[in-house]
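Subject: Structure handover

Hello,

Here is the structure you are taking over, with the sequence alongside. My notes on what was found in it follow below.

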Amino acid sequence: MGHIRSSLITSRAHTVIGGLADTICKVIEMHVALVITLAVLVIFVILVCVASGVKIVQPYEQAIYMRLGKFVRVLNQGLNFVCPLINQVVKLDLRTEVLDVPKQEVITKDNSPVNVDAVIYIKVTDPKNAFFEVTNYRLATVNLAQTTLRSVIGQMELDQILSSREAINVQLRDTLDENTDKWGVRVETVEIKEVDPAARVKNSMEEQTSAERKRRAAILEADGLKRAAIMEAEGKKKSAILIAEGERQSMILKAEGQRMATILESQGEAQKLRILSVGAATMDAKALSVLSMDTIKSVGEGESSKIFFPMEVTRLINGISDYMGAANTVPDRQVSDVDSIRQAVGDPDEILGPIPTREDMLRETEKFKESLEEDIEESDAIVEANHLPEV
């Protein structure tokens with residue numbers, strides 16, 4: 001009985017000890033899990049704080065740093081440390097942005113409806129104003145561009161719009177840049193993409209263009225006919241001038257040739273007479289009678305039925321009769337010398353004039369050629385002064 005009781009006590013003791021051991025093990029396990037959980041929670045908090053307190057700003061950005069609803073500063077490019085968990089950082093892109101202005105219908109000054117769209121190039125220059133002064137600077141800039149474009153186009157006529165896009169771009173840029181300056185946004189460029197008139201306006205423009213081209217074609221054709229007639233008349237005029245000039249020069253050359261021929265012929269006859277007079281000065285009356293008889297003989301040998309004598313026949317017959325002895329006396333004629341001839345009629349050289357040599361004739365010809373060339377140059381100058389076309 002006692003043995004049984006002791007066995008029961010022993011088994012109970014072992015049970016109690018085992019329960020205590022299990023409880024201790026469970027408590028230890030619970031503490032380890034709690035420690036691990038706390039460690040993980042601490043690490044997580046540290047990571048969250050680091051992630052929230054470290055801000056990296058790209059080279060093309062700037063950031064607005066606010067803490068508990070209050071603006072602190074602008075964060076520049078690179079690594080920035082801020083107060084974790086209670087901060088708000090908004091990054092703004094500083095690169096040039098391209099915004100599309102939607103197409104809209106605008107009524108021009110001359111009541112012509114046109115569809116106009118554009119693109120604008122903007123750049124944030126002051127991130128603080130771009131964030132605090134306007135809710136959405138992109139949307140605000142596009143809407144402002146729409147209203148400004150409508151206002152500018154409405155003050156211009158359609159033809160002026162189509163031909164003055166550059167002026168419109170400059171005016172839009174200046175207006176937008178002035179209004180967006182307070183937002184910290186700079187408008188760099190405004191470009192109108194398309195100006196599309198309404199269909200009925202296009203048809204009217206095409207008809208106007210067709211009529212204008214026909215008018216220009218008619219003007220060009222009439223001007224061509226006019227120029228052709230003028231050129232033809234001027235060509236005829238110049239041709240007539242050249243023909244008249246040629247005839248004048250030909251007549252001058254003929255007259256000059258005849259003049260020179262007459263002079264030379266006259267001087268030759270004069271020289272012949274001078275030689276005859278000098279040679280006959282030494283002859284007496286008998287010799288002259290013999291020469292007169294030879295002259296009558298040669299005249300009688302001609303085939304002409306009529307003979308004209310250049311002297312009185314009676315005197316010629318008297319001379320011959322005197323030579324033949326029919327007269328009682330034949331008066332002797334005193335032989336004339338050169339001095340007596342010079343005393344009676346003067347110096348033969350002064351009376352007849354100098355005989356031109358070949359060199360004199362060549363000099364006269366050259367002078368005439370020079371005069372002719374001067375006349376031709378003067379005629380060409382007159383033609384050029386009147387803008388006559390070349391034939």
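**The β6-β7 hairpin and its sheet**

Strands β6 and β7 form a hairpin, with five residues between the two; in the turn, Asn111 has a positive phi of about 60 degrees. Please keep in mind throughout that this is a predicted model. β6 covers residues 97-107, and β7 covers residues 113-124. The two strands run antiparallel and are joined by nine bridges. One of the bridge pairs is Ile107 with Pro113 in β7. Further along, Leu99 stands opposite Ile120 in β7.

The hairpin belongs to an open sheet of three strands, ordered β6-β7-β8, in which the pairing is antiparallel. β6 and β8 are the edge strands, and each of them pairs on one side only. With direction ignored, neighbouring strands in this sheet are turned against each other by 20 degrees on average. As general background, strands of a sheet pair through backbone hydrogen bonds, either parallel or antiparallel.

**The other sheet**

A further open sheet of three strands has the order β3-β2-β5, again with antiparallel pairing. Its edges are β3 (70-75) and β5 (87-93); each has a single partner strand, so one side of each is left without a neighbour in the sheet. From one strand to the next, the twist averages 25 degrees. β2, residues 61-67, pairs with β3 over five bridges in the antiparallel sense. Within that pairing, Tyr65 has Arg73 in β3 as its bridge partner.

**The nonpolar core**

Which residues touch the most other members of the largest nonpolar core? They are Ile120 and Ile168, in a core of 37 residues. At least two residues of this core come from each of β2, β6, β7, α3, α4 (158-163), α5 and β8 (185-197). The largest share is that of α3, which supplies eight residues. In general terms, nonpolar side chains tend to be buried together in soluble globular proteins.

**The cavity**

The structure holds one cavity of 30 Å³ or more. The volume of the largest cavity is about 40 Å³. Its lining is made up of Val101, Ala118, Ile120, Ala145, Leu149, Leu172, Leu176 and Val190. Two or more of these lining residues come from each of β7, α3 (137-154) and α5 (165-180). Sorted by class, the lining has eight nonpolar residues, no polar ones and no charged ones. Ile120 therefore comes up three times in these notes: opposite Leu99, in the largest nonpolar core and in the cavity lining.

**Pro197**

The last item concerns strand β8, where Pro197 is found. Is Pro197 buried or exposed? Its relative accessible area is 8%, so Pro197 counts as buried, the cut-off for that class being under 20%. Pro197 and Leu158 are 39 residues apart along the chain, and their C-alpha atoms are separated by 8.5 Å.

Regards

How values were computed. Residues are numbered from 1 along each chain as its sequence is written. This is a predicted model: local features need pLDDT of at least 70, side-chain atom pairs count only at pLDDT 80 or more; totals for chains, interfaces and linings use all residues. Side-chain values use heavy atoms; hydrogens and water are left out. On a 1 Å grid over the protein atoms alone, a cavity is a set of points where a 1.4 Å probe fits but cannot get out, and a pocket is an open set with protein on both sides within 12 Å along at least five of seven lines; lining residues have an atom within 4 Å of a point. Grid points are joined across faces, edges and corners, and a volume is the space filled by probe spheres set on the points. Helices (H or I, at least four residues) and strands (E, at least two) are DSSP runs, numbered from the N terminus. Ala, Val, Leu, Ile, Met, Phe, Trp, Tyr, Cys and Pro count as nonpolar, Asp, Glu, Lys and Arg as charged, and the others, Gly among them, as polar. Two strands pair if DSSP finds at least two bridges between them. Axes are lines fitted to C-alpha atoms, for helices over the stretch in contact, and angles run from 0 to 180 degrees between N-to-C directions. A nonpolar core is a set of buried Ala, Val, Leu, Ile, Met, Phe, Trp, Tyr and Cys residues joined through side-chain atoms within 4.5 Å. Buried means under 20% relative accessible area, exposed over 50%, partly exposed in between (1.4 Å probe, protein chains only).
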